[in-house]
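The following exercises are to be worked with the sequence and the three-dimensional structure at hand. Each task is followed by a solution in steps.

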Amino acid sequence: MFSIAQITEDSLMESDGVGLIVWFQGCRGLCEGCQNPELHSFQGGLETDVSIFDSYDLSWVDNFVLLGGEPLDQSKGVVEVAQYAHEKGKKVWMYTGYSFEEIEQDVLNNVDVIIDGRYMKEYESNNIRYRGSSNQRVLIKINGQWEDKTNDIGLADNVFKEVKVNISKE
Ligand code: SF4
């Protein structure tokens, strides 16, 4: 079981392809200038499990995108959703305020792309793909190994496709 604020369908902004966005409710991060303060509380979300996704048409979905709030403040839920997504043949992207080095192995084993790090208003930019501030990184699991692809993806749209990454589904 985990708590979510909402699910958004058919989003093209947060991942490479069509994303099903899972908004986790609650965050301990509290970055200054956070744009989702309504998601900080651990109260008021919908307590659910992965069966909630059974009612969605996933035929158009490339990626499950986990954000919030802070997905890793419900890390067991992250693993449950990621395993469900992989069973359906989808990749899993996760946005977190924690740094990659802080993420537990069970989560690393089950997600494919991580955008990590606190949002920092002083490093904010609208000109960086996927990230809110330039201190954040884009890390991709390729053939089972995590690689920092921040500089490859960097500034322009669709660079993700151009680098032809082969995301592992292990
Ligand atoms: S981790 Fe995300 S939701 Fe939490 S305060 Fe930072 S930006 Fe906001």
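**Exercise 1. Identify the buried residues of helix α1 and establish how they are arranged around its axis.**

Solution. The model is a predicted one.
Step 1. A residue counts as buried when 20 or more other C-beta atoms lie within 10 Å of its own. In α1, the buried residues are G77, V78, V81, A82 and A85.
Step 2. These residues lie on the same side of α1, because the arc they cover around the axis is only 130°.
Step 3. An α-helix has 3.6 residues a turn, so residues three or four places apart point the same way.
Step 4. On the face turned away from the buried side, α1 carries the exposed residues K76 and E87.
Step 5. The cover over the buried residues of α1 includes the strands β1 (2–11), β2 (19–24), β4 (63–68) and β5 (91–95), together with helix α2 (105–108).

**Exercise 2. Test the length of α1 against the expected span, then examine the backbone after the helix.**

Solution.
Step 1. Helix α1 comprises 13 residues, 75–87.
Step 2. The expected span is 1.5 Å times one less than the number of residues, which gives 18 Å for α1.
Step 3. The C-alpha atoms at the two ends are 18 Å apart, so expectation and model agree.
Step 4. After α1 comes G89, with a positive phi near 80°.

**Exercise 3. Describe the overall fold of the chain and determine whether its radius of gyration agrees with or departs from that of a compact globule.**

Solution.
Step 1. The chain contains four helices and eight strands. Their order along the sequence is β-β-β-β-α-β-α-β-β-β-α-α.
Step 2. A compact globule of 170 residues would have a radius of gyration near 15 Å; the chain has 15 Å, and therefore agrees.
Step 3. Along the principal axes, the C-alpha atoms fill a box of roughly 35 × 35 × 30 Å.
Step 4. Of the 170 residues, 36% are buried.
Step 5. Among contacts with a separation of 6 or more, 58% join residues 24 or more positions apart.

**Exercise 4. Locate the cis peptide bond between G68 and G69, and place the non-glycine residues D10 and N143, whose phi is positive.**

Solution.
Step 1. The bond from G68 to G69 is cis, its omega being near 20°. G69 belongs to the loop between β4 and α1.
Step 2. D10 is not a glycine, yet its phi is positive, about 60°. This residue is part of strand β1. D10 counts as exposed because it has 11 C-beta neighbours inside 10 Å.
Step 3. N143 has a positive phi near 50° and sits in the loop between β7 (137–142) and β8 (145–148). N143 also counts as exposed, since 10 C-beta neighbours lie inside 10 Å.

**Exercise 5. Characterise the surroundings of G132.**

Solution.
Step 1. G132 is found in the loop between β6 (113–116) and β7.
Step 2. Since 22 other C-beta atoms lie within 10 Å, G132 is buried.
Step 3. With neighbours within four places in sequence set aside, G132 is in contact with Y119 and E124.
Step 4. T48 is 84 residues from G132 along the chain, and the C-alpha atoms of the two are 28 Å apart.

**Exercise 6. Which residues come nearest to the ligand, and how is its shell composed by class?**

Solution.
Step 1. Around the ligand there are 13 residues, of which C27, G29, C31, C34 and G97 come nearest.
Step 2. Sorted by class, the shell holds six nonpolar, five polar and two charged residues.

Technical notes: Residues are numbered from 1 along each chain as its sequence is written. This is a predicted model: local features need pLDDT of at least 70, side-chain atom pairs count only at pLDDT 80 or more; totals for chains, interfaces and linings use all residues. A residue is near a molecule or strand if its C-beta atom, placed from the backbone, lies within 6 Å of it. Ala, Val, Leu, Ile, Met, Phe, Trp, Tyr, Cys and Pro count as nonpolar, Asp, Glu, Lys and Arg as charged, and the others, Gly among them, as polar. A residue is buried if 20 or more other C-beta atoms lie within 10 Å of its own, exposed if 12 or fewer, and partly exposed in between; C-beta atoms are placed from the backbone. The arc is that of the directions from the helix axis to the C-beta atoms. Two residues are in contact if their C-beta atoms, placed from the backbone, lie within 7 Å. The radius of gyration is taken over C-alpha atoms; the globule rule is 2.2 Å times the number of residues to the power 0.38.
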